[in-house]
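User: I am new to this structure and would like a close look at a single part of it, taken slowly and then set against the rest of the chain. Could you choose one place and walk me through what surrounds it?

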Amino acid sequence: SPTTASRTVAWRMLLPVLTECGLDYETNPAATDVMSLINDSASVVVYHFKAVYARARPWQATACGKTVAALFPPGHVLHPGHGSYPSGHATVAHCWAELLGTLLNDPFRKKRARKAADHVARRREVAGLHFESDSTAGRALGVAIAKRILAANRLTDVQIEALLRPS
């Protein structure tokens, strides 16, 4: 079972996407259980590809003999110790934007959720943690995961109800 801390981190990362969808899961255990299940499943896929590609982070790669400074450099407690490609934050944010946008059946909210997911990914680029191509791959992977969840009817009616009516 996911810890309260991991749920809080996931909720904060996804807050911009959830806000654009008009949802707040912070105080709803049923919704956060579903969120954790989906986030954990997406993470398995992300970390598989991170291991396969083992791509250097921007601060590890050199361009014209220069490296990019990172917000969380090696040795920092928040330093990511795994590969850069694909971006896990981009994957999860776009998975949720696609999933919730489709379940809500609201094109306006879906568009705004996608923009919020793009912003989550872009912040990681600005922080020197990802390349733009990491975010692009994360976007495609997140959308594919959401579409697979939806096409396979992986969510029960109770889970969908918890996601769409969290309070």
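Analyst: A word on naming comes first: helices here are DSSP runs of H or I with at least four residues, strands are runs of E with at least two, and the runs are numbered from the N terminus. The model is a predicted one, and the place I have chosen is Y85, which is found in the loop between α2 and α3.

Before going closer, it helps to know the chain as a whole. The chain has 6 helices and 0 strands, so that, read along the sequence, its pattern is α-α-α-α-α-α. The mean pLDDT of the chain is 83, with 80% of the residues reaching 70 or more. That confidence is not spread evenly, since it is lowest in helix α1 (residues 4-20), where the mean is 73, and highest in helix α5 (residues 132-151), where it is 95.

Now to Y85 itself. Is Y85 buried or exposed? Neither word fits, because its relative accessibility is 24%, and a residue counts as buried under 20% and as exposed over 50%, which leaves Y85 partly exposed. Along the sequence, Y85 and K50 are 35 residues apart, yet in space their C-alpha atoms are 5.5 Å apart. If neighbours within four places in sequence are left aside, the residues in contact with Y85 are F49, K50, Y53, R55, S133, D134 and A137.

The backbone at this place also deserves attention. Which form does the peptide bond from Y85 to P86 take? It is cis, with omega near -5°. P86 lies in the loop that joins α2 (29-53) to α3 (88-104). A54 is likewise found in the loop between α2 and α3, and A54 has a phi near 45°, a positive value in a residue other than glycine. Unlike a buried residue, A54 is exposed, because its relative accessible area of 57% is over the 50% cut-off.

A comparable backbone value turns up farther along, at N105, whose place is in the loop between α3 and α4 (107-126). N105 has a positive phi near 55° and is a residue other than glycine. N105 is exposed too, with a relative accessible area of 66%.

From P86 one can follow the contacts inward to T91, a residue of helix α3. At 0% relative accessibility, T91 counts as buried. Its contacts, again leaving aside neighbours within four places in sequence, are V46, P86, G138, L141, G142 and I145. T91 leads on in turn to A117, because the C-alpha atoms of these two residues, 26 residues apart along the chain, are separated by 8.8 Å. A117 is found in helix α4 and also counts as buried, at 0% relative accessibility. Not counting residues up to four places away in sequence, A117 touches V17, A93, H94 and A97.

These pairs belong to a wider picture. Among contacts in the chain between residues at least 6 apart in sequence, 79% join residues at least 24 apart. Of the 167 residues of the chain, 43% count as buried. The largest nonpolar core has 32 residues, and Y25 and W96 are those with the most contacts inside it. To this core α1, α2, α3, α4, α5 and α6 each supply at least two residues, while α3 gives the most, with 8 residues.

Finally, α2, the helix that leads into the loop of Y85, also meets α6 elsewhere. The axes of α2 and helix α6 (residues 157-164) come within 8 Å and cross at roughly 110°, and α2 and α6 are therefore roughly perpendicular to each other. On the α2 side the residues that meet α6 are A30, A31, V34 and L37, and on the α6 side their partners are Q159, A162 and L163. By class, this contact has 6 nonpolar residues, 1 polar residue and no charged residues.

To return to the starting point, then, Y85 is a partly exposed residue whose peptide bond to P86 is cis, and P86 is in contact with the buried T91 of α3.

Note on methods. Residues are numbered from 1 along each chain as its sequence is written. This is a predicted model: local features need pLDDT of at least 70, side-chain atom pairs count only at pLDDT 80 or more; totals for chains, interfaces and linings use all residues. Side-chain values use heavy atoms; hydrogens and water are left out. pLDDT is the predictor's confidence in each residue, from 0 to 100. Buried means under 20% relative accessible area, exposed over 50%, partly exposed in between (1.4 Å probe, protein chains only). Axes are lines fitted to C-alpha atoms, for helices over the stretch in contact, and angles run from 0 to 180 degrees between N-to-C directions. Angles under 35 degrees count as roughly parallel, over 145 as roughly antiparallel, 65 to 115 as roughly perpendicular and the rest as oblique. Contact means heavy atoms within 4.5 Å. Ala, Val, Leu, Ile, Met, Phe, Trp, Tyr, Cys and Pro count as nonpolar, Asp, Glu, Lys and Arg as charged, and the others, Gly among them, as polar. A nonpolar core is a set of buried Ala, Val, Leu, Ile, Met, Phe, Trp, Tyr and Cys residues joined through side-chain atoms within 4.5 Å.
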